[in-house]
Amino acid sequence: MGKTISPGRNRQPARTRRGFTENPDGSYTTPGRGLEVLDNPLLNKGTAFTPAEREELDLDGLLPAAVETLEEQARRAYTQYLTQPDDLRKNIYLTALHDCNEVLFYRLLSDHLSEMLPVVYDPTIARAIEGYSHEYRRPQGLYLSVDDAAGIERAFANLGLEPGDVDLIVASDAEEILGIGDWGVGGGAGIAVGKLAVYTAAAGVDPARVVAVALDVGTDNERLLNDPFYIGNRHSRVRGRRYDDFVDAYVSVATARFPGAMLHWEDFGPSNARRILERYTGRLPTFNDDMQGTGAIVLAAMLGAARVSGTPMRDQRIVVFGAGTAGIGIADQLRDAMVRDGLDPREATRRIWAVDRQGLLTDDMSGLRDFQAPYARPASEVTGWLRDAKENGIGLGEVVGRVHPTVLLGTSTAHGAFTEEIVRTMAAAVERPVIFPISNPTSRIEAMPEDLIRWTGGRALVATGIPVAPVTHDGLTHTIGQANNALLYPGLGLGVIVSRARRVSDGMLQAAAEAVASMADVSAPGASLLPPVGDLREVSATVAVAVARQAAAEDLARVDLPNPVQQVQDAMWQPHYRPVRGA
């Protein structure tokens with residue numbers, strides 16, 4: 001193990017950032033003057049520049065006379081935010097603020113995190129992505145084109161950053177964006193920038209030390225290809241060897257330029273997501289939120305449900321409806337938890353039934369994806385089970401009736417799939433049925449919590465993928481936990497950054513899930529299975545400490561961690577203005 005390294009902003013030697021130098025005392029010096037300073041969103045303080053700073057940085061006459069505090073600016077910005085007519089316009093307003101003044105943006109977001117999280121990210125970001133080319137104002141991160149793979153090195157060089165300047169890179173090829181599917185270059189850029197905003201707001205990941213990457217491999221979206229304003233590559237999606245070579249080139253350049261930075265993969269299609277993760281996971285710190293983050297946050301909710309029901313993980317019978325990337329990612333995490341609770345891997349796998357569009361997955365089906373195959377049931381096991389007359393598959397209702405699951409998970413985006421009949425059948429065989437309709441947005445959720453609680457006589461333990469108001473049944477108020485990945489991945493990323501972990505291990509994901517679960521008090525009847533999203537900063541710090549400790553325990557940390565609690569606190573960037581001087 002090497003010398004202790006803390007990523008805290010006030011414990012670093014002077015270093016060059018994007019257009020300025022950060023000094024050991026936390027102040028900035030910049031060679032820029034005048035409009036060059038105001039045009040740098042990491043440096044710009046707007047009306048908060050002091051008279052001395054205005055004189056030294058040649059800002060006299062470029063700003064109004066008033067000198068305001070950050071708090072005064074944030075109050076005005078919030079008032080402007082509230083005047084926006086809908087969530088999409090609020091997203092556009094916040095994006096413009098982000099482009100202009102990052103400290104003010106993050107102060108506003110931090111002050112109103114519960115309110116604004118659905119606006120800066122899911123679900124509103126999907127609508128913003130749909131209009132990305134039409135609303136385009138300025139570049140966001142890097143745009144890497146499959147048609148110019150040789151230019152990746154040059155693109156990264158153009159950032160003007162040194163090898164130690166980046167902790168985290170979020171990349172997307174935008175094939176499966178948040179329920180809207182393939183959305184080309186705008187999806188890749190929008191989702192990567194949005195994800196990084198949550199990393200910073202929730203966990204204090206330094207916004208000057210991150211990079212958003214849009215991997216533009218084309219699009220199969222005909223609407224985009226025929227849109228005269230579309231700003232991405234105008235051809236169908238590249239696949240196969242050329243795609244793999246492009247991704248390899250991205251990883252090679254990114255890791256060579258910024259060794260140790262965590263590579264986060266977001267919204268890749270099912271044919272690529274798991275394959276890419278498995279290709280790189282043993283070689284570098286890398287993470288796929290759709291698979292690993294979703295699985296870990298559902299595991300956190302499941303740990304809470306197991307405490308309430310008294311049924312240990314090894315005794316669960318789990319039906320997953322929606323056997324895609326997210327659904328199987330959840331299945332993997334729950335299987336591993338059952339193994340940790342005493343089952344052998346084969347038996348743990350057999351306690352999970354995966355149902356997709358074609359029905360229950362069985363080993364005689366053609367076209368199963370490699371990640372689905374482990375969960376396919378032997379065809380001989382289901383002889384005599386009722387099959388759907390149209391699809392000739394074994395439907396969800398039949399599976400629930402035969403299996404008597406303790407847990408029913410939905411990642412199908414099939415609205416209303418958890419019918420009253422299915423839920424009542426499940427509840428007839430289980431005292432505390434655990435039902436997690438995780439799909440979002442609301443138009444795609446498998447069932448609403450109010451119905452689930454009513455159909456089960458108030459016995460269901462429910463978590464959802466969308467924010468839902470508390471439900472009162474027979475005088476008891478049930479608080480519905482939101483299985484929001486933002487409760488987990490920001491803290492995970494911060495823990496990796498603090499520990500400089502060589503890779504993201506299964507043990508680190510488990511530690512993150514257990515840390516989230518520990519933040520929810522499930523002792524009271526009707527209590528939420530997960531901590532509230534409004535506590536993101538506290539939850540993220542707790543997760544980061546647990547992840548850093550686990551990295552050290554597995555000998556994956558590349559720095560000493562004598563006091564991980566303090567090292568995490570030191571590493572958390574805060575949205576405060578720093579003194580700025582001329583270089």
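Twelve aromatic pairs are counted in the predicted model, where rings of Phe, Tyr and Trp (its six-membered ring) are taken to pair if their centres lie within 6.5 Å, planes under 30 degrees apart being stacked, those over 60 edge-to-face and the rest tilted. One of these pairs is formed by W265 and F268, which meet edge-to-face at 5.4 Å centre to centre, with 75° between the planes. Both W265 and F268 are buried, a term that denotes under 20% relative accessible area, with exposed meaning over 50% and partly exposed lying in between (1.4 Å probe, protein chains only). Ring pairs further join W265 and F268 with F156, Y250, F258 and Y280 into a cluster.

Because this is a predicted model, local features need pLDDT of at least 70 and side-chain atom pairs count only at pLDDT 80 or more, whereas totals for chains, interfaces and linings use all residues. Residues are numbered from 1 along each chain as its sequence is written, and side-chain values use heavy atoms, with hydrogens and water left out. The mean pLDDT (the predictor's confidence in each residue, from 0 to 100) is 94 for the protein, and 97% of its residues reach 70 or more. Over residues 1–11, however, pLDDT stays under 50, and for this stretch the model has 36 contacts beyond four places in sequence, a contact being heavy atoms within 4.5 Å.

Helices (H or I, at least four residues) and strands (E, at least two) are DSSP runs numbered from the N terminus, and two strands pair if DSSP finds at least two bridges between them. On this basis, an open sheet of five strands follows the order β4-β6-β5-β7-β8 with parallel pairing. Strands β4 (142–145) and β8 (286–288) stand at its edges with a single partner strand each, so that one side of each is left without a neighbour in the sheet. Direction ignored, neighbouring strands of this sheet are turned by 25° against each other on average. Within the sheet, β5 (residues 168–172) and β6 (residues 210–216) run parallel and are joined by five bridges, with A171 standing opposite V213 in β6. Helix α10 (residues 184–203) lies across β4, β5, β6, β7 (262–265) and β8, and runs at about 160° to β6; such angles run from 0 to 180 degrees between N-to-C directions, the axes being lines fitted to C-alpha atoms, for helices over the stretch in contact. Helix α14 also packs on this sheet, touching β7 and β8, and its direction makes about 75° with that of β8.

A second open sheet, of seven strands, has the order β11-β10-β9-β12-β13-β14-β17 and mixed pairing. Its edges are formed by β11 (359–360) and β17 (481–482), each of which has a single partner strand, so one side of each lacks a neighbour in the sheet. Strand β14 (residues 461–464) runs parallel to β17 and is joined to it by two bridges, and A463 stands opposite G481 in β17. Helix α14 (residues 289–309) lies across β12 (407–410), β13 (434–437) and β14, running at about 155° to β13.

Helix α15 (residues 325–340) contains L334, which counts as buried because its relative accessibility is 0%. Residues up to four places away in sequence aside, L334 touches L299, M302, M313, I318 and L409, and its C-alpha atom is separated by 9.7 Å from that of L303, 31 residues apart along the chain.

In helix α17 (residues 396–403), the buried residues are L396, E398, V399, V400 and V403, and what covers them includes β9 (318–321), β10 (352–356), β11, β12 and α18 (420–429). E398 counts as buried because its relative accessibility is 17%, and it touches W385 and L386, not counting residues up to four places away in sequence. Just after α17, H404 takes a positive phi of about 55°.

The buried residues of helix α23 (residues 564–571) are P564, Q567, V568, D570 and A571. Seen down the axis of α23, these residues fall within an arc of 160° and so line one face of the helix, the arc being that of the directions from the helix axis to the C-beta atoms. Their cover includes α20 (489–499) and α22 (536–553).
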